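I opened this notebook to record what I looked up in the structure. The entries follow in the order in which I made them.

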Amino acid sequence: MLTSRKGPAFETPGAEGDRLPDVMRDAKSCTRCDLYRNATHLVFGEGPARVKVLFVGEQPGDKEDLAGRPFIGPAGKLLDRCLEEAGIERDICYVTNAVKHFKFTPRGKRRIHAKPNAGEVQACAWWLAAELRLVKPKLAVALGATALYALLGRQAKVTRDRGTVMPSPDGPPVLVTIHPSALLRTLDRPDAERKRARFVDDLRKIAEFLE
Ligand code: URA
């Protein structure tokens with residue numbers, strides 16, 4: 001059995017196991033923070049076992065929680081379209097989240113997304129560290145601030161570092177960009193197309209980096 005090195009941004013050893021399906025099986029009974037209490041499924045990462053690029057989002061949304069799969073809802077569909085526009089093949093990508101249980105506030109019949117806190121991100125870094133160790137991507141892509149915190153701690157900022165590839169002391173370099181759900185929230189604004197084009201430009205840096 002392999003033991004991972006330190007976790008992405010934190011002093012977590014990371015889950016043990018030398019096969020992703022084994023780590024995923026162990027993750028399904030995770031109680032490392034309280035989010036498992038209300039979530040339907042733990043949503044582990046998905047993609048080929050060895051890929052070039054590993055995308056990290058924030059946490060599963062409502063649809064992902066119900067289906068138990070990452071990025072299958074509106075944000076994931078938008079990400080897929082933007083990747084296609086940027087010329088990035090989906091089969092070189094593994095997608096996962098900084099936090100693997102859905103955190104929400106109930107409002108009537110709806111479940112409203114709630115941002116995970118630093119403790120929840122740090123607890124879940126245990127699983128992210130194992131995914132990084134086993135998938136061995138050449139590049140990680142941080143989709144938004146929570147993912148960036150999970151990968152690089154407090155040393156990086158989306159507003160300041162967006163569009164750049166930053167070195168990581170203990171993992172693959174990290175391309176910094178926004179979360180696609182930020183685009184979904186501003187679809188009706190006049191600058192929506194410009195924002196989307198900038199996101200696609202960020203994604204083009206993946207191909208430049210891998211060349
Ligand atoms: N947003 C995320 O960050 N991850 C998902 O899996 C879905 C939406």
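**Entry 1. Phe71.** I began with the accessibility of Phe71 in this predicted model. Its relative accessibility is 9%, so I entered Phe71 as buried, the cut-off for that class being under 20%. I then looked up its position in the chain: Phe71 belongs to the loop that runs between helix 2 (62-67) and helix 3 (74-85). For the backbone I noted a phi of about 55° at Phe71, a positive value although the residue is not a glycine.

**Entry 2. Phe71 and the ligand.** I next asked which residues surround the ligand. I listed Gly57, Glu58, Gln59, Pro60, Gly61, Glu64, Pro70, Phe71, Asn97 and His179. Phe71 is thus one of the residues around the ligand, and a backbone N or O atom of Phe71 is 2.9 Å from a ligand oxygen atom. By class, I recorded this shell as three nonpolar, five polar and two charged residues.

**Entry 3. Other ligand distances.** I looked up two further residues of the shell. At Glu58, a polar backbone atom lies 2.8 Å from an oxygen atom of the ligand. At His179 the side chain takes part: one of its N or O atoms is 2.6 Å from a ligand oxygen atom. How much of the ligand does the protein bury? I noted that the ligand taken alone exposes 240 Å², and that the protein buries 91% of this area. As to its site, I found the ligand in the largest pocket.

**Entry 4. Lys136.** I then turned to another positive phi. Lys136, a residue other than glycine, has a phi near 50°. Where is Lys136 found? I placed it in the loop between helix 4 (118-135) and strand 5 (139-143). Its relative accessibility is 47%, so I entered Lys136 as partly exposed, since exposed would require over 50%.

**Entry 5. Gly171.** I located Gly171 in the loop that links strand 6 (165-166) and strand 7 (174-177). Is Gly171 buried, partly exposed or exposed? With a relative accessible area of 32%, I entered Gly171 as partly exposed. I also looked up its separation from Lys138: the two residues are 33 apart in sequence, and their C-alpha atoms are 9.2 Å apart in space.

**Entry 6. Summary.** For Phe71 I keep three notes together: it is buried, it has a positive phi, and its backbone has an N or O atom 2.9 Å from a ligand oxygen. For Lys136 I keep the positive phi beside its partly exposed state.

Technical notes. Residues are numbered from 1 along each chain as its sequence is written. This is a predicted model: local features need pLDDT of at least 70, side-chain atom pairs count only at pLDDT 80 or more; totals for chains, interfaces and linings use all residues. Side-chain values use heavy atoms; hydrogens and water are left out. A residue is near a molecule or strand if one of its heavy atoms lies within 4 Å of it. A polar contact is a pair of N or O atoms within 3.5 Å; within protein, one must be able to donate a hydrogen and the other to accept it, and residues adjacent in sequence count only if both atoms are side-chain atoms. Accessible areas come from the Shrake-Rupley method with a 1.4 Å probe; for residues, only the protein chains shown count as cover. On a 1 Å grid over the protein atoms alone, a cavity is a set of points where a 1.4 Å probe fits but cannot get out, and a pocket is an open set with protein on both sides within 12 Å along at least five of seven lines; lining residues have an atom within 4 Å of a point. A molecule sits in a cavity or pocket if more than half of its atoms lie within 2 Å of its grid points. Ala, Val, Leu, Ile, Met, Phe, Trp, Tyr, Cys and Pro count as nonpolar, Asp, Glu, Lys and Arg as charged, and the others, Gly among them, as polar. Helices (H or I, at least four residues) and strands (E, at least two) are DSSP runs, numbered from the N terminus. Buried means under 20% relative accessible area, exposed over 50%, partly exposed in between (1.4 Å probe, protein chains only).
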